[in-house]
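Work through these short exercises with the model open beside you. Each task is followed by its solution.

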Amino acid sequence: MTRETTINLLLALLLLGLPLVASSIGEPFYVTLATRVVVLALAAVGLNLALGLGGLLSFGHAAFFGIGGYVAGILATHAFNAELLVLGIPGTTSMPIIWLVAVVVAGLVALPIGAISLRTTGVYFIMITLAFAQMIYYFAVSWPAYGGEDGLSISMRNAFPGINTTKPLPYFLICFAVLMATLLLFRLVEGSRFGSALQAARQNGTRLAAVGIQPFYVRLVAFTISAMITGLAGALYADLNRFVGPSMLSWHMSGELMVLIILGGNGRLFGPVAGAMVFVCLENVLGGITERWQFFLGLILLGIVLFARGGFLGLLSGKPRHA
């Protein structure tokens, strides 16, 4: 077992153990805080697949995060009001169904966005993904049927078979299980032939094409899978807050996901988890002291970019860069 694997296991146990302790001593706030860490980490895992493995610096993943959130909010609202959606489709409060719809819709939106954006590289790719995300953001702002710029409240948390999701700890355990399953998927993709092709496309697309594999299609599949994972996280985030609004689609959210990956370690399996833990801790500890806590976050990011390119996991494991 490598040093980084040991650190990953410790992080998973810490993330699981703290909410259990908090719940046992009657501190539900910390359980909710841990759930926020898990959901943000899940969203960043999606981006990490595109960025860490494929080198796709997308600044538009907030669009897929928000789409997942709006899917959860719209389906739950129609179910609560007993109103049919388009084509007579009913709403639902079932989490598995909502997750499936969120994943499918995020993937369907990501496919054409990726097909257009991936025809460019570098800063042009960044700007096109950002432009698409902003288009979706302004569409949500101007969509009065679902709250417009005021957002959409979810009357009660959606249901999962056999589990009381209204209590903080059971909902945390659901989100934690989804995160662990997604990290397993990330590892399987990374170790697969597709993952090898994706990393080869990141390093030298011309050489990959020379052996008969088109980098464009490899990147497009990775971009779509990445968006689907982030859309799933958006659905969980909307359920956590019982609210979805245009802020979930804002470019600030894309930047926040990028920060999580940089903090934890780009391309590392538990990089998003470590980054989310550090980010939420800074947000709550320093945020309780000063409203300018982002200044200190900026200093930490600066230090990582200059001296620890592998993020906190790179520092702890002794491997400065992701291979």
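In what follows, contact means heavy atoms within 4.5 Å. The model is predicted.

**Exercise 1.** Find which residues of α9 meet which residues of α10, and sort them by character.

Solution. Start with α9: Glu256, Val259, Leu260, Leu263 and Gly264 take part. On the α10 side they meet Gly271, Pro272, Ala274, Gly275, Ala276, Val278 and Phe279. Now sort the residues of this contact: eight are nonpolar, three polar and one charged.

**Exercise 2.** Decide how helices α9 and α10 are oriented to each other.

Solution. Helix α9 covers residues 251–264, and helix α10 covers residues 271–285. Their axes come within 7 Å and cross at roughly 105 degrees. Angles of 65 to 115 degrees count as roughly perpendicular. α9 and α10 are therefore roughly perpendicular to each other.

**Exercise 3.** Classify the aromatic pair of Phe216 and Tyr217, then state whether each residue is buried or exposed.

Solution. The whole structure holds twelve aromatic pairs. In one of them, Phe216 and Tyr217 lie 5.3 Å apart, centre to centre, with 85 degrees between the planes. Planes over 60 degrees apart count as edge-to-face, and this pair is edge-to-face. Next, accessibility: buried means under 20% relative accessible area, exposed over 50%. Phe216 has 18%, so Phe216 is buried. Tyr217 has 54%, so Tyr217 is exposed.

**Exercise 4.** Find what lies over the face of Tyr171.

Solution. Go to the ring of Tyr171. Arg157 lies over its face, at 4.3 Å from the ring centre.

Conventions. Residues numbered from 1 in each chain as written. Predicted model: local features only at pLDDT ≥ 70, side-chain atom pairs only at ≥ 80, totals over all residues. Heavy atoms only, no water. Phe/Tyr/Trp six-rings, centres within 6.5 Å; stacked < 30°, edge-to-face > 60°. Buried < 20%, exposed > 50% of the residue type's maximum accessible area, 1.4 Å probe, protein only. Lys NZ or Arg CZ within 6 Å of the ring centre and 35° of its normal. Axes fitted to C-alpha atoms, helices over the stretch in contact; angles between N-to-C directions. Helix = DSSP H or I, 4+ residues; strand = E, 2+ residues; numbered from the N terminus. Parallel < 35°, antiparallel > 145°, perpendicular 65-115°, else oblique. Nonpolar A, V, L, I, M, F, W, Y, C, P; charged D, E, K, R; others polar.
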